[in-house]
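Hi everyone, thanks for making time. I'd like to walk you through a structure that's probably new to most of you, so let's put it up on the screen.

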Amino acid sequence: PLEKIFCTEAQHVAAPSEAACASNGDDNAEARDKTTEDPCEPCASTDTVSMKPEASQQSGLLKRLADRSGSKKKKKSMFADTSEMKQKIREAATQKVYNVADYYSAEGVWQQIAVHPLFEMITLGVIAFNAFWIWIDTDENDAEIIIEADAVFQIMEHAFCMFFCFEWTCRFMSFASKWNCFRDCWFVFDSILVIFMVLETWIMSAILLASGGSGLVGNMGVIKTARLFRLSRMARMVRLFRVVPELLIMVKGMMAASRSVFFTLCLLCIILYVFGIAFTQMVGTAIPDKFGDVPTSMHSLLLHGTFLDGLGGMVQQLGDQHSLYALLFYLFVLLAALTVMNMLIGVLCEVVSAVAATEKEAIHVAFMKDQLEHIWQRVAEADDENTGFVTKEEFKKMLQSVEAYKALKAVNVDPISLVDDIDFIFAENDEDEDGNVVDKTLSFGDFVSLLLTMRGTNNATFKDIVDLRKYLDASLKKMRDELRHNPYFMGTSSLSTMKSATSSSLQSRPRCVRLPAASESGEGSAALNRGPHDSQSSTPVFEPMFAL
């Protein structure tokens with residue numbers, strides 16, 4: 001047991017010798033360093049040496065696995081990985097959420113209008129009504145240019161243009177630095193739409209009125225092209241998806257499934273190409289209108305065999321030529337319609353389910369982060385020594401809040417277990433600028449990231465095993481250092497002296513030294529504090545310990 005305690009594969013620690021411990025000052029430190037550098041007796045034994053290759057092989061294996069995982073890029077899967085998407089959300093949750101209001105001025109009329117919730121709701125309502133009005137204008141307005149349209153259409157067009165210009169002005173004037181407006185993608189996108197709308201509604205109409213319609217009226221293709229810019233207003237409806245999360249989930253599901261859908265359609269095209277060649281060669285002369293060439297055959301197979309349009313008539317027509325042709329067509333229907341198309345539906349369902357789970361994860365993580373940040377700010381304001389970091393005492397106060405309990409339960413974190421794990425979370429100590437040891441503190445981002453790693457639904461990963469190994473190594477190293485510097489355990493005898501003394505005492509006879517009781521004139525505590533080679537006794541204190 002002593003060999004396993006004091007000998008490791010990376011560091012050989014030997015107990016200081018009697019001669020070294022007898023010296024003082026720098027000589028004692030040099031003797032200990034020399035003894036530490038030299039291999040101890042257990043390390044020189046064959047048993048310990050034989051254990052080193054196994055440990056080195058394990059370390060080499062872990063290193064090779066880490067190098068291999070770091071050097072090779074992970075191959076992108078055809079299907080959406082829910083765990084990977086959730087992990088990205090957890091990482092994003094620790095970062096600051098983008099908000100365009102951070103670039104706005106701290107005060108001002110324009111800033112108050114731009115950030116007001118009522119102004120946002122009115123803007124979304126006008127966007128929805130403008131999309132509906134485009135339908136009415138397309139069906140009922142027969143005028144080629146706006147100055148020739150009926151009064152109601154002119155009024156509505158000018159009203160829409162004025163409102164969107166006012167909205168753009170409010171948002172632009174709210175920026176503290178006007179150059180920051182280019183950092184907001186939504187503002188740049190809306191600026192392009194407003195420019196097109198102003199060009200069509202006001203500038204083009206002013207040019208036509210000033211020129212009397214000559215030149216541009218003769219070239220109505222230019223005006224028709226300009227009217228197509230009005231369709232760009234429909235892009236504003238994308239902002240409505242933020243109000244209806246279900247629509248956003250569907251759109252994200254379509255984007256995430258684009259890769260899977262592409263490869264599924266590639267498989268369908270290969271099947272169509274192979275069977276198109278086969279049917280062209282077999283029945284191309286008999287049914288030229290359906291299978292005259294390869295593109296026509298592929299179109300007929302897609303229409304009748306994949307989308308199942310007029311399936312019975314096509315089978316009857318092929319069966320009249322030969323029954324083998326009908327069986328081959330049934331085989332194509334089995335592969336294309338029943339296998340590939342249903343597999344495409346399964347892929348879409350899988351991806352949408354993954355995206356829905358990810359969005360649910362994002363909603364819960366955002367809710368927990370907002371609630372905990374609100375509670376932490378409330379607790380920090382009541383604290384006289386607010387450092388801007390989460391401390392142990394602040395965390396205890398946060399756990400006493402009902403809002404924190406609900407937020408943690410929403411992400412499957414057990415608040416009761418966190419009470420027991422507080423000492424573990426804040427186990428390490430930090431140092432201030434003067435070098436004094438202070439209690440450990442965490443930034444709010446690190447604090448949220450730590451809470452997300454303590455969820456009951458998390459799966460153990462290789463990183464968790466490596467972290468556990470590092471923690472155990474650090475704990476064992478700390479224990480070895482404490483045992484080595486403990487005078488009641490090590491005394492002034494070296495490990496070899498202890499081993500030889502214990503072996504000789506066990507070979508002679510097992511002796512047990514009786515320590516005086518504490519009541520015997522206080523000699524018990526004096527005996528405990530007595531050195532291992534006291535003048536009153538030639539028997540080391542460690543000998544009865546090992547003999548027992």
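Let's start with Glu 140, which is exposed, because its relative accessible area is 54%, and the bar for exposed is over 50%. You'll find Glu 140 in helix H8, which covers residues 117–140. And Glu 140 has company: together with Asp 139, Asp 142, Glu 144, Glu 148 and Asp 150, Glu 140 makes up a patch of negative charge on the surface. One thing to keep in mind throughout: this is a predicted model.

Okay, from charge to grease. There's also a nonpolar patch on the surface, of about 540 Å². The residues in that one are Met 162, Ile 195, Leu 199, Trp 202, Ile 203 and Ile 207. Which helix gives the most to this nonpolar patch? That's H10, with five residues. Take Ile 207 as an example: Ile 207 sits in helix H10, and with a relative accessible area of 44% Ile 207 is partly exposed.

Now let's go inside, and stay with H10 for a bit. General point first: side chains of opposite charge can pair when their charged atoms come close. Searching the whole structure turns up six salt bridges. The residue I'd like you to look at is Arg 171. Arg 171 makes a salt bridge with Asp 184, and there the closest N and O atoms are 3.4 Å apart. Arg 171 is in helix H9 while Asp 184 is in the loop between H9 and H10, so this pair ties together parts that are 13 residues apart in sequence.

Arg 171 also meets Asp 190 in a salt bridge, at 2.7 Å from N to O. Here the partner, Asp 190, lies in helix H10, so the pair connects H9 with H10 across 19 residues of sequence.

Are these three residues buried or exposed? Arg 171 is buried, at 10% relative accessibility. Asp 184 is buried too, at 3%, and Asp 190 also comes in at 3% and is buried. Add Glu 167, and you have one network: salt bridges with shared partners join Glu 167, Arg 171, Asp 184 and Asp 190.

For another salt bridge, have a look at Lys 463 and Asp 467, whose side chains meet at 3.1 Å, N to O. These two are four residues apart in helix H23, residues 462–484, so about one helical turn separates them. Lys 463 is exposed, at 56% relative accessibility, whereas Asp 467 is partly exposed, at 33%.

Next up, aromatics. We describe a pair of aromatic rings by the distance of the centres and the angle of the planes. How many aromatic pairs are there? The count comes to 20. One of them is Phe 175 with Phe 187, an edge-to-face pair with 5.5 Å from centre to centre and 70 degrees between the planes. This pair links distant parts of the chain, 12 residues apart: Phe 175 is in the loop between helix H9 (151–174) and helix H10 (185–211), and Phe 187 is in H10. Phe 175 is buried, at 1% relative accessibility, and Phe 187 is buried as well, at 4%.

Then there's Phe 279 and Phe 329, also edge-to-face, at 6.3 Å between centres and 80 degrees between planes. Phe 279 belongs to helix H13 (residues 258–283) and Phe 329 to helix H17 (residues 323–382), so the pair ties together parts that are 50 residues apart in sequence. Phe 279 has 0% relative accessibility, so it counts as buried, and Phe 329 is buried at 1%.

Back to Phe 175 and Phe 187 for a second: along with Tyr 104, Trp 168 and Phe 172, they form one aromatic cluster.

Last stop, a couple of backbone oddities. Most residues other than glycine have a negative phi. Leu 308 isn't a glycine, yet has a positive phi of about 60 degrees. Where is Leu 308? In the loop between helix H15 (294–306) and helix H16 (311–321). Leu 308 is partly exposed, with a relative accessible area of 41%.

Asn 412 also has a positive phi, about 65 degrees, without being a glycine. Asn 412 is in a loop too, between helix H19 (402–410) and helix H20 (415–420), and at 40% relative accessibility Asn 412 is partly exposed.

That's the tour. Happy to spin the model around for anyone who'd like another look.

Methods:
Residues are numbered from 1 along each chain as its sequence is written. Side-chain values use heavy atoms; hydrogens and water are left out. Buried means under 20% relative accessible area, exposed over 50%, partly exposed in between (1.4 Å probe, protein chains only). Patches are made of residues with over 30% relative accessible area and no salt bridge: like charges are joined within 9 Å, nonpolar side chains (Val, Leu, Ile, Met, Phe, Trp, Tyr) within 5 Å. Accessible areas come from the Shrake-Rupley method with a 1.4 Å probe; for residues, only the protein chains shown count as cover. A salt bridge is a side-chain nitrogen of Lys or Arg within 4 Å of a carboxyl oxygen of Asp or Glu. Lys and Arg count as positive and Asp and Glu as negative; His and the chain ends are not counted. The place of a charge is taken as NZ of Lys, CZ of Arg, CG of Asp or CD of Glu. Rings of Phe, Tyr and Trp (its six-membered ring) pair if their centres lie within 6.5 Å; planes under 30 degrees apart count as stacked, over 60 as edge-to-face and the rest as tilted.
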